[in-house]
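Biologist: Could you walk me through this one slowly? I'd like to know what the words stand for as we go.

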Amino acid sequence: MPDTLEWQNNTFLKEVERRSGTPVSACFQCHKCSTGCPIGPDMDLLSSQVMRMIHLGEELQVLESQDIWLCASCEACTTRCPMQIDIAVVMDSLRMMAVERKVELPNARGEQFNRSFLQSVSRNGRVFELGMMVAYKLRSRDFFTDAEKTGQMLAKGKLSLLPKKSGSARAVADVFRRAEEEEKKR
Amino acid sequence: MKYAFFPGCSLESTGWDFDRSTRAVCRALGIDLVDIPDWVCCGSTPAHTTNASLSVALPVMNLQKAKEMGLPVLTACASCYARLRTANHTVLNDPEERGRAERVTGKPYDGRVEVRHLLDVLVNDLGVDAVREKVRRPLKGMKVACYYGCLLTRPPDIVAFDNAEHPSCMDRLLTAIGAEPVEWPYKTECCGASLSITRSEIVNRLSHRLLSMARQAGADCLAVACPLCESNLDLRQADAVKAHGAIPETPVLYVTQFLGLALGLSSGDVGLEALTVSAESLLAGIGRDQ
């Protein structure tokens with residue numbers, strides 16, 4: 001049975017299942033995830049199509065797609081999947097794999113935002129919103145979106161000029177370091 | 001009723017009015033909140049999409065602190081709630097991940113510190129009747145669309161204290177304080193969450209859809225329990241309208257702001273001045289501050 005052999009040689013599928021801890025191969029293309037996906041209209045590859053591409057071992061096409069970065073982690077797909085596939089976690093795993101394998105990210109803003117956010121947490125133990133936004137703007141070179149909102153938010157006390165550091169900030173920095181070491185061992 | 005309170009980053013910045021109103025309402029209802037000392041960020045979406053070990057370890061740091069306090073944890077932010085519950089679920093069910101979390105934090109943790117959402121405690125422990133008894137200014141005639149968003153009810157095996165597809169806890173609370181929650185189909189539809197920063201045009205589309213459906217269902221305002229939902233629907237409302245067409249200005253309040261007003265607190269006590277779309281039109285109907 002050549003099909004079975006091919007399936008078993010699909011290292012991409014195996015890797016995604018191992019990392020996400022969820023049975024991607026159980027997907028039978030009912031498309032319930034895609035139907036309920038709020039971002040569906042903005043995606044080229046719907047979530048059920050991503051599942052299928054993983055079955056087919058289309059590693060590069062999946063990891064290079066912008067769609068894995070558009071997922072808002074709303075968990076509607078995970079909640080509704082009749083095969084209990086945690087599709088939102090699959091999207092997380094795909095993003096991590098895309099970054100690790102240094103594939104060309106078609107729209108890197110999602111990754112730039114994550115990096116800016118986590119850098120702020122590793123320094124302060126909490127998010128320092130204004131600092132995080134400046135770091136993100138510098139990375140993305142997207143200076144104009146929402147620029148007018150900053151003044152408004154400052155006036156309403158929604159942004160502070162200085163970080164509110166946690167007393168455990170140093171412990172958080174250690175946790176970041178050790179978490180990165182743990183990830184390398186996965 | 002005493003809880004270790006986890007405010008989370010948004011409640012001390014963009015959602016400070018959620019923090020103020022949560023504390024005020026708990027005080028009025030006899031719920032004692034003790035802040036977790038030196039709490040740290042839960043990691044939110046950036047952590048779970050970047051580093052799985054980190055996404056468990058950051059919430060676990062807070063749960064370890066709560067364990068030392070000997071108290072169950074209460075949180076108001078829907079996203080923090082989901083991350084804390086998910087970390088407990090992971091540690092309880094996956095010995096390998098538990099080992100990883102303990103190595104990363106450098107401390108033992110068994111996944112057994114209870115994590116509750118404020119709404120869960122109000123509806124299921126205190127009870128809507130107890131809330132009703134304390135009402136001093138019923139929100140008579142106020143038509144509210146209760147918007148639960150994603151993470152209060154999803155994924156249900158981890159967070160659920162209410163129905164995942166058709167939750168009702170906020171509706172029951174608002175009914176108890178005299179308001180009239182409307183039936184509407186988008187209670188748990190996503191607002192786009194943190195895509196507001198990276199892809200604001202998507203959030204504009206989703207927010208517009210939510211606001212116009214709430215209006216079509218007869219609501220004059222929305223109740224939320226998540227700082228990101230609040231900011232996407234309130235701060236970004238003008239952008240959504242500009243991109244997708246006119247909707248009457250629709251105030252979006254935290255559920256705790258509605259509760260506080262009904263309990264007789266002033267608009268300042270619940271931080272109404274933080275809203276972008278003013279709630280003035282709503283206050284006119286229920287009488288001024290007492």
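Modeller: Sure, let's start with chain B: its domain assignment gives domain 1 (2-118) and domain 2 (136-286), with bounds that come from an automatic or database domain assignment. Some ground rules: this is a predicted model, where local features need pLDDT of at least 70 and side-chain atom pairs count only at pLDDT 80 or more, while totals for chains, interfaces and linings use all residues. Residues are numbered from 1 along each chain as its sequence is written, chains are lettered from A and ligands numbered from 1 in the order in which they are written, and side-chain values use heavy atoms, with hydrogens and water left out.

Biologist: How far apart are the C-alpha centres of domain 1 and domain 2 of chain B, and how many residues does the contact take from each?

Modeller: The centres lie 24 Å apart. The contact takes 24 residues from domain 1 of chain B and 23 from domain 2 of chain B, where contact means heavy atoms within 4.5 Å.

Biologist: What does "bury" stand for when people talk about domain 1 and domain 2 of chain B?

Modeller: Buried area is the accessible area (1.4 Å probe) that two parts lose on being put together, summed over both. For domain 1 and domain 2 of chain B that comes to about 2,000 Å², with 72% of it on carbon and sulfur atoms.

Biologist: What makes B:Glu273 and B:Arg20 a salt bridge?

Modeller: The rule asks for a side-chain nitrogen of Lys or Arg within 4 Å of a carboxyl oxygen of Asp or Glu. The closest N and O atoms of B:Glu273 and B:Arg20 are 3.5 Å apart, so the pair passes the 4 Å cut-off. Between domain 1 and domain 2 of chain B the count is one salt bridge.

Biologist: Which element gives the most to the side of domain 1 of chain B that touches domain 2 of chain B?

Modeller: That's α1(B), with nine residues. Helices here are DSSP runs (H or I, at least four residues), strands are too (E, at least two), and both are numbered from the N terminus.

Biologist: Now B:Glu68 and B:Lys107: why is this pair called a salt bridge?

Modeller: Their N to O distance is 3.8 Å, and the limit is 4 Å, so the pair counts. The pair links distant parts of the chain, 39 residues apart: B:Glu68 is in helix α3 (residues 52-69) of chain B, and B:Lys107 is in the loop between α5 (95-105) and β4 (115-117) of chain B.

Biologist: Why is B:Glu68 called exposed, and what does B:Lys107 count as?

Modeller: Buried means under 20% relative accessible area, exposed over 50%, and partly exposed in between (1.4 Å probe, protein chains only). B:Glu68 has 64% relative accessibility, so it counts as exposed. B:Lys107, at 39%, counts as partly exposed.

Biologist: B:Glu201 and B:Arg199 also meet in a salt bridge. Is B:Arg199 buried or exposed?

Modeller: B:Arg199 counts as buried because its relative accessibility is 14%. Its partner B:Glu201 is partly exposed, at 40%. The N to O distance of the two is 2.7 Å.

Biologist: Let's bring in chain A. How many residues of chain B are in contact with chain A?

Modeller: 62 residues of chain B are in contact with 56 residues of chain A. The area buried between the two chains is about 5,100 Å², of which carbon and sulfur atoms give 56%. B:Thr49, B:Ile197 and B:Thr198 supply 12% of the area that chain B buries against chain A, more than any other three residues.

Biologist: How many salt bridges does the rule find across the interface of chain B and chain A?

Modeller: Eight. One links B:Arg103 and A:Glu182 at 2.7 Å, N to O. Both belong to a network of salt bridges that also has A:Glu183, A:Lys185, A:Arg186, B:Glu96, B:Glu97 and B:Arg100.

Biologist: How do you know that A:Arg80 and B:Glu165 form a salt bridge?

Modeller: Their closest N and O atoms are 2.8 Å apart, and that is within 4 Å, so the rule is met. The pair crosses between chains, from helix α7 (residues 76-80) of chain A to the loop between α8 (156-159) and α9 (169-176) of chain B. B:Glu165 counts as partly exposed, at 39% relative accessibility.

Biologist: And what is the secondary structure of chain A?

Modeller: It comes to 12 helices and zero strands. Of the 186 residues of chain A, 50% count as buried, and the C-alpha trace of chain A spans about 65 × 35 × 30 Å along its principal axes.
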